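Hi,

Here is the structure I promised to pass on. Have a look at it first, and my notes on what turned up follow below.

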Amino acid sequence: MSRARFADLIQRQLELFEHEQAALIADCEHAERAYDAADREEAEERYSEYLDLVETGTDVLADLRDNFAMTMDEEAAEEYEQAFNRAVANQLPRFALEIENS
């Protein structure tokens with residue numbers, strides 16, 4: 001399978017994620033702003049809250065990716081996973097840092 005064939009599928013998957021997880025994405029944005037606005041004493045706690053939300057989103061994306069990859073043979077699954085991870089990095093960069101490790 002080629003990456004081009006995965007592109008439409010992955011785009012639909014990421015759009016579904018953005019729709020179904022709109023509240024989580026908004027919470028991440030809010031938590032990031034709270035961290036940016038926090039004073040020195042609160043910054044670490046705010047950043048930890050932000051990271052927890054990002055981790056949740058990353059886990060949801062990894063589950064989506066892995067569940068679909070299980071339907072493919074090993075070679076196609078590896079190519080799909082790489083394409084998925086690149087798409088996340090491009091479209092949803094806050095969730096990309098740990099997606100390859102999930």
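A quick word on terms before the count: helices here are DSSP runs of H or I with at least four residues, strands are runs of E with at least two, and both are numbered from the N terminus. On that basis the protein has four helices and zero strands, giving the pattern α-α-α-α along the sequence. Keep in mind that this is a predicted model.

Overall picture: the C-alpha trace spans about 50 × 25 × 20 Å along its principal axes. There are 102 residues, of which 32% count as buried. If you look at contacts with a separation of 6 or more, 68% of them come from residues 24 or more positions apart.

Now for α4, which covers residues 74-91. Does its length add up, or what should 18 residues span? At 1.5 Å a residue the expected span is 26 Å, and the end C-alpha atoms sit 25 Å apart, so the two agree. At the start of this helix, a side-chain oxygen of Asp73 comes to within 3.1 Å of the backbone nitrogen of Glu75. The buried residues of α4 include Ala76, Ala77, Tyr80, Ala83 and Phe84, and Asn85, Ala87 and Val88 are buried too.

Two of those residues turn up again from the side of α3. Leu64 lies in that helix and touches Tyr80 and Phe84, as well as Gln13, once residues up to four places away in sequence are set aside. Leu64 is partly exposed, because its relative accessible area is 26% and the buried class stops at under 20%. For a sense of distance along the chain, Leu64 and Tyr47 are 17 residues apart in sequence and 26 Å apart in space, C-alpha to C-alpha.

Tyr47 also brings us to the largest pocket, where it is one of the lining residues. The pocket has a volume of about 170 Å³. Its lining also includes Tyr50, Leu51, Val54, Glu55 and Thr58, along with Arg94, Phe95, Leu97 and Glu98. By class, that makes six nonpolar, one polar and three charged residues.

Thr58 deserves its own note. This residue is found in α3, residues 40-69. Is Thr58 buried or exposed? Its relative accessibility is 4%, so Thr58 counts as buried. Leaving aside neighbours within four places in sequence, Thr58 is in contact with Phe95, Glu98, Ile99 and Ser102. Of these, Phe95 and Glu98 are also in the pocket lining.

Cheers

How values were computed. Residues numbered from 1 in each chain as written. Predicted model: local features only at pLDDT ≥ 70, side-chain atom pairs only at ≥ 80, totals over all residues. Heavy atoms only, no water. Expected span 1.5 Å × (residues − 1). Buried < 20%, exposed > 50% of the residue type's maximum accessible area, 1.4 Å probe, protein only. Polar contact = N/O pair within 3.5 Å; in protein donor to acceptor, adjacent residues only side chain to side chain. 1 Å grid on protein atoms, 1.4 Å probe; cavity = no way out; pocket = protein on both sides within 12 Å on 5 of 7 lines; lining within 4 Å. Points joined across faces, edges and corners; volume = space filled by probe spheres on them. Nonpolar A, V, L, I, M, F, W, Y, C, P; charged D, E, K, R; others polar. Contact = heavy atoms within 4.5 Å.
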